[in-house]
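Grab a pencil and work through a few exercises with the model open beside you. Each task comes with a solution that goes step by step.

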Amino acid sequence: MQEKPRRAKRKSAKQAQPRIPEVTPVIASGATVIYPSQLMPVLATEERDIHAIDEAAVSDLKMLAVFAQKPVNGQYLGELYKVGTAATISRMAKSPDGTAHAIIQGVARVRLVEMEQETPSMRGRVERLDDVVKRDLELEAMMRNAVNTFQRIVTSNEAMPNELSLAVGGISEAGPLADFIAANLNIKTEDRQAVLEAVNVNERLRLVLDLLKHELEVMEVETKIQADVRGELDKRQREFILREQLKAIQKELGEGEIAPELMELRKRLDDADLPPEVRKEANREMERLSSIPPISPEYQVARTYLEWLADLPWAKGTEDNLDIVRAENILNDDHADLDKVKQRILDYLAVRKLKGGEMKGPILCFVGPPGVGKTSLGQSVARALGRKFIRMSLGGIRDEAEVRGHRRTYVGAMPGRVIQEIRRAGSNNPLFMLDEVDKLGMDFRGDPASALLEVLDPAQNHTFTDHYLDIPFDLSHVFFITTANLPDPIPPPLRDRMEIIELPGYTEREKLDIARRYLFPRQLIDNGIPEGLLTVTDEAILEIIRSYTREAGVRNLERELGGICRNIARRIAREDRESVLVDADKLEEYVGPKRFRWELAEEADEVGVATGLAATMVGGDILFVEASTVPGKGRLILTGKLGEVMQESAQAAVTYARRRSSELAIPGSFFEKHDLHIHVPAGAIPKDGPSAGVTMATALVSALTNRAVRKDVAMTGEITLRGKVLPVGAIRDKVLAAHRAGIRKVIIPRDNENDLLDVPDEVRRDLEIIAVEHVDDVLNAALHPERRQEPARIAAAASS
């Protein structure tokens with residue numbers, strides 16, 4: 001075997017090159033490339049190839065051309081490459097099934113000029129491609145480098161026979177050397193074909209050297225990987241032997257084996273699918289625990305820590321239900337209205353469904369008055385997504401450790417509430433509701449709001465580090481929802497990390513719909529009222545809304561309905577099972593006398609009393625501003641527990657009135673001889689904000705000019721010294737409050753007209769809404785044009 005190639009080369013050098021027919025049979029070799037002087041077995045199963053071999057076998061030269069095929073969809077079944085190899089048939093035999101077995105030997109490179117025949121066999125016109133070689137020192141150096149590198153590969157690769165190393169050393173020509181090496185390397189078909197097409201021997205050898213270099217690098221990496229694997233196996237075997245020896249030593253010393261609870265703990269850690277960093281820390285702490293005597297206080301500390309690591313859901317979560325229609329039905333069944341929130345949840349599900357993979361959970365903040373369904377909406381979202389639901393109340397929390405935990409150096413240290421709730425849920429992607437985020441406190445123990453920055457920041461919470469665990473826990477899959485009554489108390493950095501979604505108060509019709517669909521049926525079940533025994537009419541529910549509750553939400557409404565149900569339950573307990581119909585006329589019998597006057601418009605118009613609109617933590621509300629003039633020295637008296645901003649609004653209103661005194665027919669000396677008193681009732685309740693500016697100006701001008709203010713007009717807006725009316729917030733809540741109070745006309749700043757799009761159509765139809773730019777417009781709409789009987793003090797001031 002070692003001498004055959006050498007003799008073949010000498011013989012081919014002496015004799016003339018074999019003649020190649022101009023037209024010769026052609027066979028397709030798929031992914032196989034044959035080189036000149038290479039022997040290759042051929043198994044022909046297709047009719048065309050069998051016919052081609054038969055034709056070549058009976059010809060004088062017994063020669064055919066072999067061409068590899070181009071790949072199509074990973075299979076080498078495409079068209080033929082243009083460069084192949086002319087080969088002679090050394091031996092041929094046929095099987096009983098008709099297939100042909102042949103051994104062919106490459107003769108020379110050929111180019112397929114054109115195909116002469118496709119059936120019954122392929123025949124093509126070919127031309128010989130002779131080698132082009134430049135013999136110089138570089139070629140000799142490349143040959144030596146190729147031989148040495150190939151021999152290194154043969155030595156390192158156990159699958160390659162050592163005879164190849166000897167055979168390659170006996171080849172003295174550069175072209176055959178490159179062909180021999182390419183034929184025996186484990187390379188891709190495309191690379192083999194590139195070597196075959198390289199007619200320039202120098203370029204061919206360079207190409208082979210590149211392939212040798214790549215193959216050598218791959219083998220070195222494989223060798224390193226195998227060495228690492230063997231080293232890891234050896235390390236594990238060593239650890240196993242050492243542990244067995246340790247067991248034997250402990251047994252001899254009477255210490256016994258590792259405690260069963262530690263074995264159980266180790267098994268729980270193994271089953272927890274810990275991340276690599278956590279696994280490293282757990283192994284270190286486990287080894288430390290094994291060396292601590294059980295009677296030591298440190299033993300329980302370390303064991304508790306490991307139990308926390310084992311119980312946390314590091315890689316365990318629920319699969320989201322991405323059925324948009326189902327989610328929409330659940331949200332609509334559980335809550336009426338709230339279209340913006342529902343739309344945002346459905347948007348998240350749609351994006352998650354289109355992406356088809358993991359994405360960071362959104363961080364939403366529901367802002368709205370009490371009783372509008374913020375917390376229950378979170379539960380519905382969790383049910384729609386198919387996630388676990390966690391609720392954590394932040395109201396009154398003042399210690400940062402409540403969020404991020406205590407360090408293990410403290411006695412009785414535990415993780416923060418976030419990690420505790422995640423562990424309790426048993427899922428790393430629950431829906432986590434942080435209730436009352438606007439009521440966080442702060443004292444010497446830290447700022448919980450600052451600790452929440454990391455929790456609610458999508459760019460950071462994938463490495464949230466609890467002080468107790470002291471290792472990162474991934475919160476990026478958690479769907480965080482926070483709730484608040486007002487956005488202003490939330491610290492700006494924390495507010496910036498959340499998507500604020502406002503949940504405004506309900507209209508009367510919406511409350512009626514909610515009471516009929518949700519509240520009343522729930523109270524019937526909660527109080528054990530049999531079906532059909534109690535009926536409450538829509539008129540009665542509307543009367544409860546108007547005369548027994550004054551709220552943006554429906555919490556008190558449900559409470560009143562519960563009172564009716566309890567009254568009926570008391571009758572049923574006395575064996576009185578007669579069905580009851582509760583209408584508006586019978587309400588006082590069940591829930592007592594009315595608590596609120598609904599129609600404020602029935603009251604008489606007064607001088608110096610204007611109706612304003614305010615935003616509170618329980619939604620919009622109306623307030624009254626009273627103004628009066630008394631003899632004095634020109635002082636401004638403000639009462640009603642007004643905040644600094646509201647006091648400044650009153651001062652601006654006074655300045656406006658003094659500036660417009662001539663147009664308003666107010667004597668110039670009047671302000672120097674009289675005190676102005678502005679009072680906002682409900683004096684025990686703090687009030688602040690700029691939106692009462694126009695209301696104060698209206699009440700003040702009414703008192704100064706003795707023109708009555710229309711009681712069915714409510715207003716809101718900030719005032720400037722020049723009388724401009726500036727925009728304010730919470731227009732929807734304020735308009736709803738005016739509608740609840742029976743107001744017929746609402747005055748708002750011109751720049752707030754776009755906010756009316758959020759006001760329900762039924763409310764806008766019931767109200768006349770006037771958009772103004774100047775206080776003069778407010779006075780024209782709110783004040784009666786005629787004066788009432790002029791007070792004696794104003795007449796005296798005018799005469800003086």
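**Exercise 1. Find the helix that holds Thr 698, decide whether this residue is buried or exposed, and list what it touches.**

Step 1: Look along the chain in this predicted model, and you'll find Thr 698 in helix H24, which covers residues 693-705.

Step 2: Check the accessibility. Buried means under 20% relative accessible area. Thr 698 comes in at 0%, so it counts as buried.

Step 3: Collect the contacts, skipping residues up to four places away in sequence. That leaves Ala 610, Val 709, Met 715, Val 778, Leu 779, Ala 782 and Leu 783.

**Exercise 2. Do the same for Ala 449, then work out how far its C-alpha atom is from that of Glu 606.**

Step 1: Ala 449 belongs to helix H16, residues 448-455.

Step 2: Its relative accessibility is 5%, so Ala 449 is buried.

Step 3: Leaving out residues up to four places away in sequence, Ala 449 touches Leu 440, Pro 491 and Leu 494.

Step 4: Now for the distance. Ala 449 and Glu 606 are 157 residues apart along the chain, and 47 Å separates their C-alpha atoms.

**Exercise 3. How many aromatic pairs are there, and what kind of pair do Phe 150 and Phe 180 make?**

Step 1: The count is six aromatic pairs.

Step 2: One of them joins Phe 150 and Phe 180, with 6.4 Å from centre to centre and 75° between the planes. Planes over 60 degrees apart count as edge-to-face, so that's the label for Phe 150 and Phe 180.

Step 3: Place the partners. Phe 150 sits in helix H3 (residues 137-156) and Phe 180 in helix H5 (residues 174-184); with these positions 30 residues apart, the pair links distant parts of the chain.

Step 4: Check the cover on Phe 150: its relative accessible area is 0%, so Phe 150 is buried.

**Exercise 4. Explain why H5 is described as largely enclosed by the rest of the structure.**

Step 1: Name the buried residues of H5: Ala 174, Gly 175, Leu 177, Ala 178, Asp 179, Phe 180, Ile 181 and Ala 182.

Step 2: Set that against the length of the helix. H5 has 11 residues and eight of them are buried, which is why it is largely enclosed.

**Exercise 5. Hunt for unusual backbone geometry at Pro 120, Asp 273 and Asp 470.**

Step 1: Start with the background. Most residues other than glycine have a negative phi, and most peptide bonds are trans.

Step 2: The peptide bond from Thr 119 to Pro 120 is cis, with omega near -5°. Pro 120 is in the loop between strand E5 (100-117) and strand E6 (122-129).

Step 3: Asp 273 isn't a glycine, yet its phi is positive, about 55°. You'll find Asp 273 in the loop between helix H8 (260-271) and helix H9 (276-290), and its relative accessible area of 51% makes it exposed.

Step 4: Asp 470 isn't a glycine either, and its phi is about 60°. This residue lies in the loop between strand E10 (464-465) and strand E11 (472-473). With a relative accessible area of 49%, Asp 470 is partly exposed.

**Exercise 6. Describe the overall build of the protein.**

Step 1: Count the elements: 28 helices and 26 strands.

Step 2: Compare the radius of gyration with the globule rule. A compact globule of 800 residues would be near 28 Å, but the protein has 46 Å.

Step 3: Finish with burial: 47% of the 800 residues count as buried.

Methods
Residues numbered from 1 in each chain as written. Predicted model: local features only at pLDDT ≥ 70, side-chain atom pairs only at ≥ 80, totals over all residues. Heavy atoms only, no water. Helix = DSSP H or I, 4+ residues; strand = E, 2+ residues; numbered from the N terminus. Rg over C-alpha atoms; globule rule 2.2 N^0.38 Å. Buried < 20%, exposed > 50% of the residue type's maximum accessible area, 1.4 Å probe, protein only. Phe/Tyr/Trp six-rings, centres within 6.5 Å; stacked < 30°, edge-to-face > 60°. Contact = heavy atoms within 4.5 Å.
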